[in-house]
Every structure is written in C-alpha cells, then in structure tokens.
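Reader: Got a minute to go through this one with me? I'd like to talk about how the chain is put together.

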Amino acid sequence: QVQLVESGGGLVQPGGSLRLSCAASGSIFRINAMGWYRQAPGKERELVAYVRSGGSTRYADSVKGRFTISRDNAPNTVYLQMNSLKPEDTAAYYCNLNVGTPFRGEYDVWGQGTQVTVSS
C-alpha cells in the first residue's frame, strides 16, 4: 500500500514564499509522475504542477514563473517551491502520485491535503 505524507502548508503574507513537501512510501513498482493539485472553497480541484519520471514538468498558467516543482528519487519526495504568493493561491494543496504496475495499468494516490492561506 502506498502512502503520501505532505508538509509545509501554512499562513503567509502576499508576496511571501512557502515550500511544500510530499514523501511517498510503501510498495511502489514504478512512479510515472508526482505532482500537486489544489482546491479552493467552492471550486473544482485543479492541477498546479507535476513532474514526470523522465524529468519533464508541467505547470498551470496561473503559477508559471512563481512556482517550481522538483523531485528527489531517493527517497520518493516531491517539492513545490511557491514564491510571490497571491491571495488567489489560497487553497488546500494535494499531493498526487501516479503509479505504474506490471499487470494492472496505472493508478493515482492522493495525499491528505495541506492548507495554504495567503493573507495580510
């Protein structure tokens, strides 16, 4: 069973920075991608950024140039460095792991979520 443990959320003033971390543990055959999604009250969950196993990345347009995603393979940890934070970045941030299996295709694992609040 795969588990994700997130950390790093909190309250920050506009223009500030936060760094989120997500560590994966358990029986993992292959990691296809690790990433972050967020969900603000009353809104749908949306992609923030992800990094594929080969190192390619994708960002939401709203965070390009401000957020940076990175990954350590040992251990299986993904980071989200968030700079120049804006009030509209306020949301619950969820870590996502896309896992490949030898015979059953792929599946997603989600973290419990960590709250990021940007306010003065």
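Reader: Among contacts between residues at least 6 apart in sequence, what share joins residues at least 24 apart?
Author: That share is 55% in the protein chain. Keep in mind that this is a predicted model.

Reader: OK. How many helices and strands are there?
Author: The chain has 0 helices and 11 strands. Read from the N terminus, the elements go β-β-β-β-β-β-β-β-β-β-β.

Reader: And why call it as compact as a globular protein of that length?
Author: The radius of gyration is 14 Å, and the globule rule gives 14 Å for 120 residues, so the chain is as compact as a globular protein of that length. The C-alpha trace spans about 50 × 25 × 25 Å along its principal axes.

Reader: What percentage of the residues count as buried?
Author: Of the 120 residues, 44% do. As for the surface, the chain exposes about 6600 Å², with carbon and sulfur atoms supplying 46% of that.

Reader: Let's go inside. Which residues have the most contacts in the largest nonpolar core?
Author: Trp 36, Leu 80, Met 82, Tyr 93 and Leu 97 have the most contacts within that core, which has 31 residues. Several elements give two or more residues to this core, including strand 4 (30-39), strand 8 (77-82) and strand 9 (91-100).

Reader: Which strand gives the largest share?
Author: Strand 9 does, with 5 residues. In general, nonpolar side chains tend to be buried together in soluble globular proteins.

Reader: Switching to sheets. What's the strand order in the open sheet of 4 strands?
Author: The order is 1-3-8-7, and the pairing is antiparallel. Strand 1 and strand 7 are the edge strands, each pairing on one side only. On average, neighbouring strands of this sheet are turned by 15 degrees against each other, direction ignored.

Reader: How many bridges hold those edges on, say strand 1 to strand 3?
Author: Strand 1 and strand 3 (residues 18-25) are joined by 5 bridges, and Glu 6 stands opposite Cys 22 in strand 3. At the other edge, 6 bridges join strand 7 to strand 8, where Phe 67 stands opposite Met 82. That's the Met 82 we met among the core residues with the most contacts.

Reader: Back to strand 1, then. Which of its side chains are buried?
Author: Leu 4 and Glu 6 are buried and point to one face. Gln 3, Val 5 and Ser 7 point to the other face and are not buried, so the side chains alternate along residues 3-7 by the under 20% relative accessible area cut-off.

Methods
Residues numbered from 1 in each chain as written. Predicted model: local features only at pLDDT ≥ 70, side-chain atom pairs only at ≥ 80, totals over all residues. Heavy atoms only, no water. Buried < 20%, exposed > 50% of the residue type's maximum accessible area, 1.4 Å probe, protein only. Pairing = 2+ DSSP bridges. Core = buried A, V, L, I, M, F, W, Y, C linked by side-chain atoms within 4.5 Å. Axes fitted to C-alpha atoms, helices over the stretch in contact; angles between N-to-C directions. Rg over C-alpha atoms; globule rule 2.2 N^0.38 Å. Contact = heavy atoms within 4.5 Å. Areas by Shrake-Rupley, 256 points an atom, 1.4 Å probe, with all protein chains shown as cover.
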